[in-house]
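Thank you all for coming; I would like to take you through one model this morning, going from a single residue out to the whole chain. Please have the sequence and the picture open while I talk.

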Amino acid sequence: MYYRYLLAGVIPLASVAEVFAEAPNILFILSDDHTSQTWGIYGGILADYAGADAPEGSQGRSFRDNLRGDTPDDWRTSIYYRYWTQHKERPAHIGVRTDRYKLIFLYGNRLDMTGSTDYVSQPSWEFYDLQEDPYEDHNAYNDPQYQNIIKQMKKEMMRLRTETGDTDASRPVMLDILRAQGL
């Protein structure tokens with residue numbers, strides 16, 4: 001009966017409580033609208049709960065132990081992400097996030113990505129201290145007190161790009177944009 005919810009992919013939030021009341025052992029993962037990214041992030045834990053191996057190519061690993069309050073010593077402390085499509089209201093960008101900070105590089109170019117508009121924007125940076133500014137209302141990229149942290153996070157972002165294989169080796173335009181930023 002409940003497999004239909006998995007097949008549908010999306011159910012109204014109000015229905016989650018109803019289904020959970022009927023079958024309390026169902027695992028619900030609520031995510032944003034980036035479904036293709038969901039499997040990369042959640043593939044490990046979904047496979048773990050299903051008693052299977054993580055899907056080939058998934059970048060995440062099961063965080064089942066974390067949910068029990070037992071975080072492994074080698075658990076990552078940062079995550080790299082990329083939003084590929086370029087739109088005026090949401091420019092293409094790459095970023096790195098830790099438990100406290102988020103650094104975003106809006107590179108401003110569609111890079112021939114399907115689903116992008118022709119809108120081009122100036123490359124820019126955003127930085128947020130999520131402890132001091134949890135709603136990301138104040139871009140602190142130019143704040144002197146964060147410059148050392150920003151420098152470290154740029155290095156971490158580039159390290160994680162390499163680790164995930166997101167190097168843009170076939171996109172010389174992106175490599176030029178990164179070089180212009182000192183990356």
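Before I name a residue, let me fix one term: a residue is called buried when its relative accessible area is under 20%, and exposed when that value is over 50%. Please also keep in mind that what you see is a predicted model.

With that cut-off, let us turn to Ser-78, which lies in strand E1, the stretch of residues 78-83. Is this serine buried or exposed? Its relative accessibility is 7%, and because buried means under 20%, Ser-78 counts as buried. Which side chain does this serine meet through a polar contact? The partner is Glu-156, and the polar contact between the two side chains comes to 2.4 Å. If we set aside the neighbours within four places in sequence, the residues in contact with Ser-78 are Val-96, Arg-97, Thr-98, Glu-156 and Leu-160.

Moving out from that residue, we come to the sheet, which is open and has 4 strands in the order E1-E2-E3-E4, with antiparallel pairing. E1 and E4 each have a single partner strand and stand at the edges, so one side of each has no neighbour in the sheet. On average, and ignoring direction, neighbouring strands are turned by 15° against each other. Within the sheet, E2 and E3 are paired over 5 bridges in the antiparallel sense, and one residue to look for is Gly-95, whose bridge partner in E3 is Ile-104. Helix H5 packs on this sheet and touches E1, E2, E3 and E4, while its direction makes about 110° with that of E2.

Next, the nonpolar core. The largest one has 21 residues, and those touching the most other members are Ile-94, Leu-103, Phe-105, Tyr-107, Phe-127 and Met-157. Two or more residues come from each of strands E2, E3 and E4 and from helices H5 and H6, with H5 giving the largest share, 4 residues. To take one member, Ile-94 touches, beyond four places in sequence, a set of residues including Tyr-80, Leu-103, Phe-105, Met-157 and Leu-178.

Finally, the whole chain: there are 6 helices and 4 strands, and from the N terminus they run α-α-α-α-β-β-β-β-α-α. Of the 183 residues, 32% are buried, and the accessible surface comes to about 12,100 Å², with 51% of that belonging to carbon and sulfur atoms.

Notes: Residues numbered from 1 in each chain as written. Predicted model: local features only at pLDDT ≥ 70, side-chain atom pairs only at ≥ 80, totals over all residues. Heavy atoms only, no water. Buried < 20%, exposed > 50% of the residue type's maximum accessible area, 1.4 Å probe, protein only. Areas by Shrake-Rupley, 256 points an atom, 1.4 Å probe, with all protein chains shown as cover. Polar contact = N/O pair within 3.5 Å; in protein donor to acceptor, adjacent residues only side chain to side chain. Contact = heavy atoms within 4.5 Å. Core = buried A, V, L, I, M, F, W, Y, C linked by side-chain atoms within 4.5 Å. Pairing = 2+ DSSP bridges. Axes fitted to C-alpha atoms, helices over the stretch in contact; angles between N-to-C directions.
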